[in-house]
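Colleague: Please take me through one part of this model slowly. I would like a close look at how a pair of helices packs, and then a look at a sheet.

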Amino acid sequence: MKSIIELKNLHKVYATGTHALKGINLEVKEGEFCILLGLSGSGKSTLLRCLNRLIEPTSGDIYIDGIDVVAAKGKKLRYIRRKIAMIFQQFNLIKNLSSLTNVLTGKLGYSTLIHSLTFPQHKNDMKTALENLRRVGLKEFAENKTRNLSGGQQQRVAIARALMQNPKVILADEPVASLDPATADSVMRYLGELNKKDNMTVICSLHFLSLARKYGTRVVALKDGKIVFDGTPREIDEKKFKEIYGEDAEEVKIR
Amino acid sequence: MKKENKLKSGLQAILTDLLFWIYIFGCVFFLINHWFEKVIPSSFVVIFGIAVGLITFILGLSAGRKIFLPTIRTANKWHKSFWGWSVFLILFITFVVGWNMVEVDLYKLFTKFQNAGGIMSGIFNPNMDILIVCLTALAETIYLALLATIFAIPFAFILSFFAARNLMPKTFIGNTVYIIIRTIATLFRSIEAIVWAIIFSVWVGIGPFAGMLALMIHSIASLTKLYSEQIENIDSGPVEAIKATGASTLQIWIFAVVPQIISPYLAFTIYRWDINVRMATIVGFVGGGGIGLLLLQQQQLLRWQNVGVIIWLIAAVVWIMDMVSAKVREKLQEM
């Protein structure tokens, strides 16, 4: 299978002097469900945000679907971004807008300003947005302001927004860290479905090994900005786990 | 401590001490002049100030050292130390000078009440015959405040985006735009509306239009500041999320920023209208029209009963505006 993401010697040094990524080399194949493990501060969020340039990498190369991401500017960068959807721990919806409008914002990368201001006039966009909301089981909440939805529902709206981009890659930054275990599993199930049915490549940072084993096809572990493990979820035993999370860590079972 | 920093702190300390003692001697000589009518050359103030400042600094007793170069040599309890007593001295002497400069006269305050009898009886016996005239002028004031606010909104709205640190890119151009808009807004805001009214009453003639322009300029500056601070306080999460969809900068502003600021903007705007109605009265005094101008005229004619009507009307409007705007803002908070 062809590789869709390629990172070569990626470094990120923040203005504060923190060296968050120390030479990451990574190749992700199309259709993989790649789980990022690691302590808070190990560089997972930085890595994910470098992929769509929400954070500017200090040095190194990023290729997504063969396109040089680091060199991209302006329109080119927008075209790259719209093929990479992102899901966040805090959902990052616009809370006082309806679910439907939030989903429609997934189309912004494809729309001119005028078009995006008149979304309700464009039947196709409305249909796709409603279809995506239906897919995450929230069609009847289309008109509700997202602030009134539960955490799990908000994350599903965020998934529908991601779907609106028709992405090749989904970046998920601890998508279930603010959800209860049952809701967390249902959100992961949607991501799993997108991965299997729609053949979208998913890179997802997590803290739960059980979820990693259930949904991941590959696990990459970061520690202090370096990759310390790369393999299948099954290969992570207690020893490996302690290597990643430190000697005192105990695996928390959520099921 | 780095050498550079030490030098900087040292300079700050010695400068503080010099200014400290020049000020104290300035006060002393003012009081000598005031009480004994003896004029002392101002060069003495500077010479004495510098001398005492230097001596205390060199001896390591001074307040400047305490602030910028804290060492073991300076005691910590203020009443046991030289710097403590010198700070006490500067506060005390400031109070004494202030008392004399402001010509505080408690005797007058408690014995000359009858002088204000005319205006007091006017206030409690308002002349209702001129009520219609006053109401017309009052309407003028309210409308001019309203128009000033409405005209200020689009300017302030657009400017606020460029005056928000988190929206401006950290490039040379981004920083320059940010600094220029912030500086102009601060400058225009620090010029009181009353000064703008004087300028515009010469420019377009005395009347409500001049008052409106004055309030508009002041409102633009002040709303730009309030609005942009609101933008700086938004949740950056949605901005990040919308950016990640591949949206353009303008789309990010419209879809991720505007929805978050719309209700605080409305609240600020209504509050601003409330302020503008109050300021419109003052602005009227210097040629801005409306009830303020009427108040000035009646006061100069010593028609205290007419002044009484105007004062009650202004109080009523301010009170109502205050209540209404508080209620509306409360509702907006819940949205």
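Modeller: Helix 10 (residues 208-232) of chain B packs against helix 12 (residues 249-288) of chain B in this predicted model. Their axes lie 8 Å apart. The angle between the two is about 150°. Angles over 145 degrees count as roughly antiparallel, so helix 10 of chain B is roughly antiparallel to helix 12 of chain B. The crossing of these two helices is right-handed. Now look at the residues in their contact. By class, 15 are nonpolar, nine are polar and one is charged.

Next, turn to the sheet in chain A. Strands of a sheet pair through backbone hydrogen bonds, either parallel or antiparallel. The sheet in chain A is open and has six strands. Read across it, and the strand order is 6-7-8-3-9-10. The pairing is mixed. Strand 6 (84-87) and strand 10 (226-231) of chain A are the edges, and each pairs on one side only. From one strand to the next, the twist averages 20°.

Follow the sheet to its edge at strand 10. Strand 9 (residues 218-223) of chain A is joined to strand 10 of chain A by five bridges. These two strands run antiparallel. For one of the bridge partners, find A:V220, which is matched with A:D230 in strand 10 of chain A.

A helix also packs on this sheet: helix 9 (residues 238-245) of chain A. Helix 9 touches strand 3 (33-37), strand 9 and strand 10 of chain A. The direction of helix 9 makes about 40° with that of strand 9 of chain A.

Conventions. Residues numbered from 1 in each chain as written. Chains lettered and ligands numbered in written order. Predicted model: local features only at pLDDT ≥ 70, side-chain atom pairs only at ≥ 80, totals over all residues. Heavy atoms only, no water. Pairing = 2+ DSSP bridges. Helix = DSSP H or I, 4+ residues; strand = E, 2+ residues; numbered from the N terminus. Axes fitted to C-alpha atoms, helices over the stretch in contact; angles between N-to-C directions. Contact = heavy atoms within 4.5 Å. Parallel < 35°, antiparallel > 145°, perpendicular 65-115°, else oblique. Left-handed = near helix turned anticlockwise from the far one by under 90°. Nonpolar A, V, L, I, M, F, W, Y, C, P; charged D, E, K, R; others polar.
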